Number of protein chains: 2
Amino acid sequence: MSKDNTKKKLEKLGKDLVNQIGNKINPHVEVPIRALSNIHFNKQKRMLEMKSAKSKRFFFNVAHVRKFVQTTEAAAVAKELLEADKHLSLRQTFYKIKRTIPGTNINIVDEQSESNEAIEDLELITGSPREKLNINANKNGSVAGKVVVEDRGDTIDWSRLGSGGWAIPSNVENIKFKKVNAKFIIYMEKAAEWETLHEDRIWEKLNCIIMCSQGQATRGVRRLLKRLHDEFKLPVYVLVDGDPWGVYIYSVIKYGSISLAHMSDSLAIPSARLIGLTADDVEKYGLKRHLIKFKDIDKKRIKQISNYEWFRDNKPWQRQFTKWKKLNGKVELAALTANGLSFMSQTYLPEKIKKKEFLD
Amino acid sequence: MSKDNTKKKLEKLGKDLVNQIGNKINPHVEVPIRALSNIHFNKQKRMLEMKSAKSKRFFFNVAHVRKFVQTTEAAAVAKELLEADKHLSLRQTFYKIKRTIPGTNINIVDEQSESNEAIEDLELITGSPREKLNINANKNGSVAGKVVVEDRGDTIDWSRLGSGGWAIPSNVENIKFKKVNAKFIIYMEKAAEWETLHEDRIWEKLNCIIMCSQGQATRGVRRLLKRLHDEFKLPVYVLVDGDPWGVYIYSVIKYGSISLAHMSDSLAIPSARLIGLTADDVEKYGLKRHLIKFKDIDKKRIKQISNYEWFRDNKPWQRQFTKWKKLNGKVELAALTANGLSFMSQTYLPEKIKKKEFLD
């Protein structure tokens, strides 16, 4: 059981500290260094990951003690949560940790950034994503498809949930997949497009799963994508607005992000592909009249992204970036509506999937 | 059927215009004026509403023709949607309406603000909220409780959907309530607190429905609250952060908002009450150490809100505002976690409900 495994790691952390004290060693924890200098792009695995630099954090060290206490406090809260079978959000965990040390006027944490960092350190120390420490990210997003899951004793059929779909929980670690009848997954950045595709029952017609959050994919969504991808070998297609922000959403799902590089193994999906919108789509589907002129910030962002190591030597992507720069404007998914109410589900997506027109 | 009713109103709009043309009358529509001067607080009904001032908008009038065409175009799109049984988001509707008038270089709409206004005008002309015109707002939010609904042919039991709950659709007009076993509804502004209360199965223990979106309630959420309130006489309790922004969320749910004053009858819930967080809670539940000092913008906002007509003569609320000003800080719902993992579901809410400690 992964839960017991995480609890064991937390207990080991505590026992190691007790042993250090027993042996009159300055109590310390070893934490991989979370800094840009310790992150690299692994070309073989095709994902961002952490390098091996670690630092020791000591209790008897004025510069270390605050972080040392915060990390052990976070470990104590995680253990309590696992034992009580309860979950907290990052914000709630901050309040749970925040308290004044008796006899002093010092709080263990003053800002949420401190408890967040302690939790990230704990992820690194235990190797468990914070979801397995029962600390949840934001909840957002919906899913539909011919999938049956079991969660908290309920059996939930994703194909029989009306117009709303299943609300994706912030934590999907304990969900059991009972039946998965789908050939691929489409993740889209907008709930409006999800509702359109769901209304057209595209998941039934194309035998797929459709999933959305709003903007950047939440961790719950990313873990759900990752689990379905790993456990059922389902390809993941990403559908985003045709702009640098959409490309970045795709980039994070596929390669991971710098801030969560230490979690790439449980979050990144290197084989994920972009289904749209591409710069080629603009001409092909008559979307030129819907171009929204790039602002300086868009131009700056597209330049940044096109220089990312994982895009830099990718010819098809460089062709896209050049084309976007020439178009000098972005196109939203919603613009496809101008081509017909069901254009996306009846023409755009089926054509792309049939012709395997993906960007990798 | 409300759907047929809306369609008839749209058809009447078209027939009236055709008749005007046949009778050689300058084609026109009559639209209630959407301006602050035409909005007032109805003390009897306890909601914001529109006064009766109307304006005529003519086709043969250089100053009117653009808006006239936009409104009739929006009506045509709504009719198409109702006939096709499809829905569009506001953004998608913008793209659907946006096209160049043949033989000119003029677009029917250039900005979404134009199509949005045309749709709002259409709400006023037909008296139907845009959800009944099949034009949807943002989708967001989750719900749980002992309720069974029928939606698009599916039977959905809100008590058997695991940790995620049902994803609230943007449009809840066609949902049929098959079974509603609840004494009240708690709406909260944060998904994290919803997950905590859902994990503790508070809806089972207190026999209620729990609902959230994120921040300001979406129209889908407000319509769902309103329908459950109207059709099953369920009291609505609002649970928000202890700050002016939370109070405003409550104010909108209860009294309506200025921008949607014309829709108050189908959105506002004048009997809704605030269950927390109140300024009194801060002392009562030892939350003083979690006060986050007001910024200038918070102080300005609390002053504005306390001067709203519907709060101005409300003594219990004025007492709250005075107390908040004295506390000079806000308290978040998440802070209750510091009092124990299940403090909210086991102590805070049951006590409040038992003692009927609400602000009205």
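Me: Before I look at the packing of a helix, what counts as a contact between two residues?

Reply: Two residues are in contact if their C-beta atoms, placed from the backbone, lie within 7 Å; please keep in mind that this is a predicted model.

Me: With that in hand, which elements do the buried residues of H3(B) pack against?

Reply: They pack against helix H5 (191-199) of chain A and, within chain B, against helix H2 (65-84), strand E5 (88-89), helix H4 (112-126) and strand E6 (135-136).

Me: Why is helix H3 of chain B described as largely enclosed by the rest of the structure?

Reply: A residue is buried if 20 or more other C-beta atoms lie within 10 Å of its own. In helix H3 (residues 90-97) of chain B, 7 of the 8 residues are buried, so the helix is largely enclosed by the rest of the structure; the buried ones are Arg91(B), Gln92(B), Thr93(B), Phe94(B), Tyr95(B), Lys96(B) and Ile97(B).

Me: How many residues of chain A are in contact with chain B, and which elements contribute two or more of them?

Reply: On chain A 40 residues are in contact with 40 residues of chain B, and the elements giving two or more residues to the chain A side are strand E5 (88-89), helix H3 (90-97), strand E9 (154-157), strand E10 (166-167) and H5 of chain A. That side divides into 15 nonpolar, 14 polar and 11 charged residues.

Me: Where do the domains of chain A lie along the sequence, and what separates their centres?

Reply: Domain 1 of chain A covers 2-26 + 61-136 and domain 2 covers 142-354, with 34 Å between their centres, taken over C-alpha atoms. Their contact takes 8 residues from each of the two domains, and the side of domain 1 that touches domain 2 has 2 nonpolar, 3 polar and 3 charged residues.

Definitions and conventions
Residues are numbered from 1 along each chain as its sequence is written. Chains are lettered from A and ligands numbered from 1 in the order in which they are written. This is a predicted model: local features need pLDDT of at least 70, side-chain atom pairs count only at pLDDT 80 or more; totals for chains, interfaces and linings use all residues. Domain bounds come from an automatic or database domain assignment. Ala, Val, Leu, Ile, Met, Phe, Trp, Tyr, Cys and Pro count as nonpolar, Asp, Glu, Lys and Arg as charged, and the others, Gly among them, as polar. A residue is buried if 20 or more other C-beta atoms lie within 10 Å of its own, exposed if 12 or fewer, and partly exposed in between; C-beta atoms are placed from the backbone. Helices (H or I, at least four residues) and strands (E, at least two) are DSSP runs, numbered from the N terminus.
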